[in-house]
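User: Hi! I'd like to go through how some labels in this structure were assigned. Could you take me through the reasoning?

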Amino acid sequence: MGIYVAAVAQKKAINQAQTYIKSGKNLDKAEKLMEDLLKDSLHRENIKIWITLAETLKKQYEQGNEKLYLKQKYDTLALFNNARKMFLVHEGLDSIDAKPDKKGKINIKYRDKNAEYLNTFRPNLYNAGSFFFRKNDYAKAYEYYDMYLDCARQPLFEKYNYAQRDTMMPQAGFWALYAGYRMRNADKVLKYREYAEKDSARLDNVIQYLAETFIMQKDTVQYVEQLKKGFERNPAHPFFFPHIIDYYNSKGMADSANVIINGALESDSINQLFLFAKSTALLNEGDFEQCIAITQRLMQLNDSLPEAYCNMGLAYYNKALNLEKTLPRTRKNRKTVNAYYEQSRPYMEKYRAMAPDQQSKWVPPLYTIYLNLNMGKEFEEIDKLISK
């Protein structure tokens with residue numbers, strides 16, 4: 001009796017929805033009638049319900065599209081939302097349509113017609129993603145790019161072979177990846193990675209976002225792999241080189257850092273970023289003469305880099321400290337040591353003027369320099385800074 005009552009109610013709901021569809025009015029009510037039926041597992045595989053729901057959404061979408069075409073007032077968000085629901089419902093309908101009958105035979109009736117219809121409107125999924133991206137609604141943007149890309153794996157669209165034939169797939173892949181990146185959602189970043197990596201125009205960005213996602217996941221192996229890949233592709237890119245050098249330095253892998261730096265300088269011997277990295281590496285290795293030579297080259301190219309003055313000053317300063325440790329305490333040796341302090345002083349003072357907030361870098365050297373050069377006034381001022 002229960003099943004009979006349910007069947008009668010189901011038929012009544014379908015008939016009512018069809019009446020709404022024919023009139024073109026109360027389509028939201030028709031939609032709700034069918035959605036309510038599908039909530040019950042008893043009705044979920046009834047293809048008539050799916051077809052009616054699909055027709056309802058198609059009608060709503062076409063009405064909205066027509067209003068936009070005629071430049072009449074219409075809710076753009078509602079149009080995009082209907083488009084998304086229309087694809088979801090047709091994909092659900094297709095899964096029912098493709099099920100074998102009682103004899104095990106598969107007789108797909110609606111796929112070709114529905115796929116042809118949806119293929120016409122599929123670009124609007126991409127457009128919706130772009131619309132939400134411009135509004136910084138990355139979650140919504142991702143939903144639409146996801147649906148656009150997901151069509152490639154749906155049996156409904158098998159004959160279109162979007163993965164191979166749709167030239168917009170790489171761009172959609174990039175924007176999906178970027179939306180995931182802006183949401184700090186690693187799963188969403190990686191889901192369409194393969195498509196995004198085919199977007200040659202934005203590949204540097206793709207590699208950077210992948211690298212940042214892997215380090216967010218604490219996957220240092222993949223992080224370094226992406227940095228290397230990005231650097232090999234574009235040595236001058238502002239992200240890859242500094243980060244891979246920073247990583248190697250943080251792990252005490254000076255040799256690995258030097259391999260990258262030397263390779264970079266071979267590709268571009270006057271690149272200021274590469275020269276600064278080499279200057280810093282030589283300073284850290286204690287090769288002060290070579291550090292001075294490289295830093296001089298750098299300053300000839302650009303005399304307004306604060307850190308170059310710091311490296312130059314520290315190179316002379318460290319030479320003085322080393323001599324103090326190794327030479328006997330004689331007047332002649334004191335003069336030699338002070339000569340290096342004197343050479344360091346203008347660079348450290350220039351660095352102080354250019355980077356006043358970096359006190360931890362210039363206060364200790366200037367303290368020692370002023371002390372050894374008997375510069376009382378300057379020493380007292382630095383001493384007060386230390387006291388503070």
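Analyst: Happy to. Let's begin with the accessibility classes: buried means under 20% relative accessible area, exposed means over 50%, and partly exposed lies in between. Please keep in mind that this is a predicted model.

User: Thanks! Why is R233 called partly exposed?

Analyst: R233 has a relative accessible area of 41%. The partly exposed class lies between the 20% and 50% limits, so R233 is partly exposed.

User: And what makes D204 buried?

Analyst: The relative accessible area of D204 is 14%. Buried means under 20%, so D204 counts as buried.

User: How do you know that D204 and R233 form a salt bridge?

Analyst: Their closest N and O atoms are 2.8 Å apart. The cut-off is 4 Å between a side-chain nitrogen of Lys or Arg and a carboxyl oxygen of Asp or Glu, so the pair qualifies. This bridge links distant parts of the chain: D204 sits in helix α12 (residues 203-216) and R233 in helix α13 (residues 220-233), 29 residues apart.

User: What makes K319 and E289 a salt bridge?

Analyst: The closest N and O atoms of K319 and E289 are 1.9 Å apart, and the limit is 4 Å, so this pair passes too. K319 lies in helix α18 (residues 306-326) and E289 in helix α17 (residues 288-301), with their positions 30 residues apart in the chain. K319 is buried at 14% relative accessible area, whereas E289 is partly exposed at 47%.

User: Why does K58 have no salt bridge?

Analyst: The nearest side chain of opposite charge, E62, is 5.5 Å from K58. A salt bridge needs a distance within 4 Å, so K58 has none. K58 is also buried and is found in helix α3 (residues 47-69). Leaving aside neighbours within four places in sequence, K58 is in contact with M86, H90 and Y117.

User: What makes D199 buried, and which class does R202 fall into?

Analyst: D199 has 6% relative accessibility, which is under 20%, so D199 is buried. R202 has a relative accessible area of 25%, so R202 falls into the partly exposed class. The side chains of R202 and D199 meet in a salt bridge at 2.7 Å, N to O.

User: How many salt bridges does the structure hold?

Analyst: The structure holds 21 salt bridges. Among them are bridges with shared partners that join K32, D36 and K39 into one network.

Notes:
Residues are numbered from 1 along each chain as its sequence is written. This is a predicted model: local features need pLDDT of at least 70, side-chain atom pairs count only at pLDDT 80 or more; totals for chains, interfaces and linings use all residues. Side-chain values use heavy atoms; hydrogens and water are left out. Helices (H or I, at least four residues) and strands (E, at least two) are DSSP runs, numbered from the N terminus. Buried means under 20% relative accessible area, exposed over 50%, partly exposed in between (1.4 Å probe, protein chains only). Lys and Arg count as positive and Asp and Glu as negative; His and the chain ends are not counted. Contact means heavy atoms within 4.5 Å.
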